[in-house]
Amino acid sequence: MDGCREYQTIIGTYVDGTASEAEVALLRAHLEECAACAREVRELLRVRGLVSGLPTLRPSPSLAPAVAARLRAQRLSWLERLFGGLRPAEFRLAAVVAMALIVCIGVGVFVVNHPRPTVQPAASVAAPVGATAATGATDEYLQSCRLSHGTLDQDRAYWSPDAVQLASYGQ
Amino acid sequence: MLVDTYSKRVFNMAYQFAGSFEEAEDLTQDAILRAHRAIRSFRGGATFQTWLYRIATNIAVDALRRRGRHEAKVSSLDDPVQADQGPIAREVPDTQHDPQELAETAELSQQVQKAIEQLSPKLRAVVVLFDLQGLTYEEIADTLRLPLGTVKSRLFNARTRLRELLQPYVAEVV
């Protein structure tokens with residue numbers, strides 16, 4: 001029976017009625033020699049016949065009307081009442097138009113509530129060209145930056161050419 | 001149209017999972033309602049029947065697993081069924097048989113039904129879809145989202161298990 005294992009797949013398709021001609025020929029040759037497999041095939045065919053022969057059942061006449069009523073109730077959701085007359089393509093178009101309208105209104109409201117800032121004079125905001133430039137603009141810039149090193153004088157000393165040069169020599 | 005065309009087929013499939021008329025009708029309603037809700041997701045890659053069976057099978061198998069029940073809930077196939085409008089006959093062929101033969105047929109059908117209900121949900125699904133609903137391997141693979149080989153092996157295992165369960169009716173006297 002160990003040698004019969006390779007025929008199990010063919011027995012399955014044979015019982016299902018889906019075996020190829022070559023498989024059928026191969027199996028028949030085997031069944032002539034193997035009584036156990038022949039018996040298995042016959043019994044499996046009977047099983048299939050019994051299952052396939054079960055009578056078709058008829059649902060109660062109330063099933064179809066009950067399903068239809070539930071389908072109608074499901075169809076009348078609030079969204080479908082609102083857009084009930086629209087076909088899917090029309091519904092999608094309406095949704096796109098509505099979204100575009102919402103975006104336009106949103107952008108308009110934002111622009112109205114956020115006017116563009118006025119341009120400041122360049123001297124009052126520009127950074128100094130050189131770190132050592134001790135101009136009024138530099139002082140104002142450093143002040144605006146609120147550096148945490150300490151006073152404005154300390155800042156100025158920190159960035160002085162002498163201090164930078166010493167630092168570059170590792171002193 | 002959806003209801004008229006498919007409710008009977010879905011009902012027959014659901015019955016093999018549920019084992020009772022009432023539950024099979026509930027499952028049928030759920031399956032058709034869910035299909036209706038999801039109709040836009042049906043892309044036509046599968047046939048509509050396969051798509052609907054997939055929904056119905058999932059609902060039926062889920063219900064079966066939720067219930068945690070593997071024992072059969074058996075009712076005699078030739079007994080009339082009580083519904084809202086009164087008893088309903090089943091479509092059991094009868095006119096050509098004498099009473100004794102009919103009783104034997106009904107008894108055998110009941111045993112086969114009982115055996116099917118003892119199968120695990122996985123095995124039951126393939127045998128119901130193949131033998132009772134007439135789906136092909138490919139359609140079952142699509143319905144249950146299984147590889148083709150798995151469908152074949154499960155079908156073979158289901159038949160082998162049924163052969164054991166129906167031994168008194170199929171075994172040859174040696």
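# Reading a predicted two-chain model

User: I see that Ala38(A) lies in helix 3 of chain A. How many C-beta neighbours does Ala38(A) have inside 10 Å, and how does this residue count?

Analyst: Before we begin, please keep in mind that this is a predicted model. A residue is called buried if 20 or more other C-beta atoms lie within 10 Å of its own, and exposed if there are 12 or fewer. Ala38(A) has 16 such neighbours, so this residue counts as partly exposed. You can also set sequence against space, for Ala38(A) and Leu27(A) are eleven residues apart in sequence, while their C-alpha atoms are 9.4 Å apart.

User: Which helices and strands does each chain have?

Analyst: Chain A has ten helices and zero strands, so that its elements, read from the N terminus, run α-α-α-α-α-α-α-α-α-α. Chain B has eight helices and two strands, and along its sequence the pattern is α-α-α-β-β-α-α-α-α-α.

User: What percentage of the residues counts as buried in chain A and in chain B?

Analyst: In chain A, 11% of the 171 residues count as buried, and in chain B, 36% of the 174 residues do. You can then ask how far apart in sequence the contacting residues are. Taking the contacts with a separation of 6 or more, residues 24 or more positions apart account for 32% in chain A and for 65% in chain B.

User: How many residues of each chain are in contact with the other chain?

Analyst: The contact joins 33 residues of chain A to 44 residues of chain B. On the side of chain A, the elements that give two or more residues are helix 1 (8–16), helix 3 (35–52) and helix 4 (63–75). Helix 3 of chain A gives the largest share of that side, namely ten residues. By residue type, the side of chain A that touches chain B divides into 16 nonpolar, nine polar and eight charged residues.

User: How does the end-to-end reach of helix 2 of chain A fit the span expected at 1.5 Å a residue, and is this helix largely buried or in the open?

Analyst: Helix 2 of chain A covers residues 21–33, which makes 13 residues, and its first and last C-alpha atoms lie 19 Å apart, close to the expected 18 Å. One of its 13 residues is buried, so helix 2 of chain A lies largely in the open. The span can be read in the same manner for helix 3 of chain B (residues 48–67): its 20 residues should span 28 Å, and its end C-alpha atoms are 29 Å apart, which agrees. The buried residues of helix 3 of chain B include Trp51(B), Leu52(B), Ile55(B) and Ala56(B).

User: Where does the largest share of the largest nonpolar core come from?

Analyst: That core has 55 residues, and among those with the most contacts inside it are Val10(B), Leu52(B), Ala56(B) and Val126(B). Its largest share, nine residues, comes from helix 1 (residues 2–18) of chain B. For one member in detail, leaving out residues up to four places away in sequence, Val126(B) touches Ile140(B), Val151(B), Arg154(B), Leu155(B) and Ala158(B).

User: At what angle do the axes of helix 6 and helix 7 of chain B cross?

Analyst: Two packed helices are described by the angle between their axes and the distance between the axes. The axes of helix 6 (residues 137–144) and helix 7 (residues 148–165) of chain B come within 9 Å and cross at roughly 105°. That crossing makes helix 6 of chain B roughly perpendicular to helix 7 of chain B. Helix 6 of chain B brings Tyr137(B), Glu138(B), Ile140(B) and Ala141(B) to the contact, and helix 7 of chain B brings Leu148(B), Val151(B) and Lys152(B). These residues divide into five nonpolar, no polar and two charged. The buried residues of helix 6 of chain B are Glu139(B), Ile140(B), Asp142(B), Thr143(B) and Leu144(B), and they pack against helix 3, helix 5 (121–132) and helix 7 of chain B.

User: Which phi does Arg145(B) take just after helix 6 of chain B?

Analyst: Most residues other than glycine have a negative phi. Arg145(B), which is not glycine, has a positive phi near 55°. Arg145(B) sits in the loop between helix 6 and helix 7 of chain B, and with 8 other C-beta atoms within 10 Å, Arg145(B) is exposed.

Notes: Residues are numbered from 1 along each chain as its sequence is written. Chains are lettered from A and ligands numbered from 1 in the order in which they are written. This is a predicted model: local features need pLDDT of at least 70, side-chain atom pairs count only at pLDDT 80 or more; totals for chains, interfaces and linings use all residues. Two residues are in contact if their C-beta atoms, placed from the backbone, lie within 7 Å. Helices (H or I, at least four residues) and strands (E, at least two) are DSSP runs, numbered from the N terminus. Ala, Val, Leu, Ile, Met, Phe, Trp, Tyr, Cys and Pro count as nonpolar, Asp, Glu, Lys and Arg as charged, and the others, Gly among them, as polar. Axes are lines fitted to C-alpha atoms, for helices over the stretch in contact, and angles run from 0 to 180 degrees between N-to-C directions. Angles under 35 degrees count as roughly parallel, over 145 as roughly antiparallel, 65 to 115 as roughly perpendicular and the rest as oblique. The expected span of a helix is 1.5 Å times one less than its number of residues. A nonpolar core is a set of buried Ala, Val, Leu, Ile, Met, Phe, Trp, Tyr and Cys residues joined through C-beta atoms within 7 Å.
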